[in-house]
Amino acid sequence: MSSTTSSFPERIELIGEGLVLRDWTEADRSAMPELFDHPDIAYWTPLVSPFDDAAARARLDRARQLRAEGTAILLAITVDGGAPLGEVMLRRAPEGTEIGYAVGPAHRGQGLAARAVRVVAGHAFEQLGVEQVILELEAENAASVAVATKAGFRLLDVPLIKGEEKGRPYALQTWGLNRA
């Protein structure tokens, strides 16, 4: 990463669309396995499985490290600043400024991911000055394609990102949203 890239603030709280996106805390650690230890999350994301207390501790440590490096911020998705319902990530990468998300199974169907993505995209445009944010997702992941569409993203005409994760091949499409 370039040394001219500004670091992320030590604390971030984004409010909008009926959500409060906030930093993860040690107090959230016990809630993380319920959110992330699920077959869908294990299949579609790089999060470890099983996702237990040790994985939660490692995730919190990694979030702090990525923030300190100026690479990414990982925020808990909440409706009131309280209990986490999922996670949204903003990552600076060579491909662009990427957003990622995961919502706990008990909290799906409320539009949390699409709303969180729009709030984080607005932050990237307004506070970080980026011109475009991207989502990288598999075409077969119907829920993520629906989030991309609801959040206003469009499929970009760029090559698929191919690789292997957890012993299975994947091909990621790139979806983009430009600054208004």
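These notebook entries follow what I looked up around one strand and one arginine.

**Ground rules.** I am working with a predicted model, in which local features need pLDDT of at least 70 and side-chain atom pairs count only at pLDDT 80 or more, while totals for chains, interfaces and linings use all residues. Residues are numbered from 1 along each chain as its sequence is written, and side-chain values use heavy atoms, with hydrogens and water left out.

**Strand E5.** I looked up strand E5, residues 96-103, where strands (E, at least two residues) and helices (H or I, at least four) are DSSP runs numbered from the N terminus. I noted that 7 of its 8 residues are buried, meaning under 20% relative accessible area with a 1.4 Å probe and protein chains only.

**Its partners.** I then checked pairing, which requires at least two DSSP bridges between two strands. Strand E4 (residues 86-93) runs antiparallel to E5 and is joined to it by 8 bridges, one of which I can place at Leu90 and Ile99; a hairpin of 2 residues links E4 to E5. With strand E6 (residues 132-138), E5 pairs in the parallel sense over 2 bridges, and there I found Glu98 opposite Ile134.

**Arg67.** I moved on to Arg67, which lies in helix H3 (residues 53-69). Arg67 counts as buried because its relative accessibility is 12%. I found its side chain reaching the backbone oxygen of Pro9 at 3.2 Å, a polar contact being a pair of N or O atoms within 3.5 Å, one able to donate a hydrogen and the other to accept it, where residues adjacent in sequence count only if both atoms are side-chain atoms.

Note on methods
Buried means under 20% relative accessible area, exposed over 50%, partly exposed in between (1.4 Å probe, protein chains only).
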